[in-house]
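Let's walk through a structure together and ask how each label earns its place. Have the model open beside you as we go.

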Amino acid sequence: MMGRDILLVEDDEGVRMGVRYALEMDGWQVLEAETVAEARELFERRNFALVLLDIGLPDGSGLDLCRWMRERSSLPILFLTARDAEVDKVLGLELGGDDYITKPFSTRELCARVRAMYRRAYDIRDSEGGPIRRGDLLISFEERKILKGGDPISLTHTEFEILRLMATRPGRVFTREELLQQIWDVSFVGGAKTIDVHIHNIRSKLDPAPDGASYIETVRGTGYKWRVGE
Ligand code: CA
């Protein structure tokens, strides 16, 4: 499990104190940096679970700092933005798993966002390496092995790759075109049907889940998603 250290990069002492207090009450350990230089130093010394990043810093921009961090890690970054203009810049980065919150924000909202980002980042990213347990399934991507109720299930290479894509991102809807693109790097005419056939085959091997439903939900008119489960 990932640790609970958060790097808070913010030059406004008032904001820093409020955020730190709220996060510590929520069980996080917070390390503070006031400048880009301090942040880099801390970042290189420790493994953080998450970064909270102000944009206007005394010795540089949080956006540049974000790029620098991105070259080194895929940890989640939550921007603390002050103005709409900053929001536009953050959105311009097209940051996959990252997010922003606009000042002034309530510490309650901040804590909720931090918890959500942490869960999303580590539940999902951890599971790309380690085995996934869902219902009566145990899926090990590393060993390319699937057990259902303890019995081995065999999937074709393509079925396994589709499963990997979806099961490591539960709840995310994949269109047929997207699945085609991701699995074969092409979109060919009639390809959508091919996906339906693969999904049908995967279902016939993995289903039913203990509640009788399918592990893969059909999203009408759109595509498929792996069920969010306990
Ligand atoms: Ca600032």
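Q: What covers the buried residues of helix 2?
A: A good place to start, and keep in mind that this is a predicted model. The cover includes strand 1 (5-9), strand 2 (29-33), strand 3 (50-54), strand 4 (56-57) and strand 5 (60-61), together with helix 3 (62-70).

Q: Which residues of helix 2 are buried?
A: In helix 2, which spans residues 36-45, they are Val36, Ala39, Leu42 and Phe43.

Q: What puts these residues on the same side of helix 2?
A: The arc they cover around the axis is only 130 degrees, which places them on the same side of helix 2. As a general reminder, an α-helix has 3.6 residues a turn, so residues three or four places apart point the same way.

Q: Which residues are exposed on the other side of helix 2?
A: Those are Glu44 and Arg45.

Q: Why are helix 2 and helix 3 called roughly parallel?
A: Their axes cross at roughly 15 degrees and come within 11 Å. Angles under 35 degrees count as roughly parallel, and therefore helix 2 and helix 3 get that description. The crossing of helix 2 past helix 3 is right-handed.

Q: Which residues make the contact between helix 2 and helix 3?
A: Helix 2 brings Val36, Ala39, Arg40, Phe43 and Glu44, while helix 3 brings Leu65, Trp68 and Met69. By class, six residues of this contact are nonpolar, none are polar and two are charged.

Q: Why does threonine 35 count as buried?
A: Its relative accessibility is 17%, and buried means under 20%, so threonine 35 qualifies. You will find threonine 35 in the loop between strand 2 and helix 2. Setting aside neighbours within four places in sequence, threonine 35 is in contact with Val9, Pro58 and Asp59.

Q: What makes helix 6 and helix 8 roughly perpendicular?
A: Helix 6 (residues 157-167) and helix 8 (residues 191-206) pack at an angle of about 85 degrees, and their axes are 10 Å apart. The range for roughly perpendicular is 65 to 115 degrees, so the description fits helix 6 and helix 8.

Q: Which residues meet where helix 6 packs with helix 8?
A: From helix 6 come Thr158, Glu159, Ile162, Leu163 and Met166. Helix 8 meets them with Ile195, His198, Ile199, Asn201, Ile202, Lys205 and Leu206. Sorted by class, this contact has seven nonpolar, three polar and two charged residues.

How values were computed
Residues numbered from 1 in each chain as written. Predicted model: local features only at pLDDT ≥ 70, side-chain atom pairs only at ≥ 80, totals over all residues. Heavy atoms only, no water. Buried < 20%, exposed > 50% of the residue type's maximum accessible area, 1.4 Å probe, protein only. Helix = DSSP H or I, 4+ residues; strand = E, 2+ residues; numbered from the N terminus. Arc of directions from axis to C-beta. Contact = heavy atoms within 4.5 Å. Axes fitted to C-alpha atoms, helices over the stretch in contact; angles between N-to-C directions. Parallel < 35°, antiparallel > 145°, perpendicular 65-115°, else oblique. Left-handed = near helix turned anticlockwise from the far one by under 90°. Nonpolar A, V, L, I, M, F, W, Y, C, P; charged D, E, K, R; others polar.
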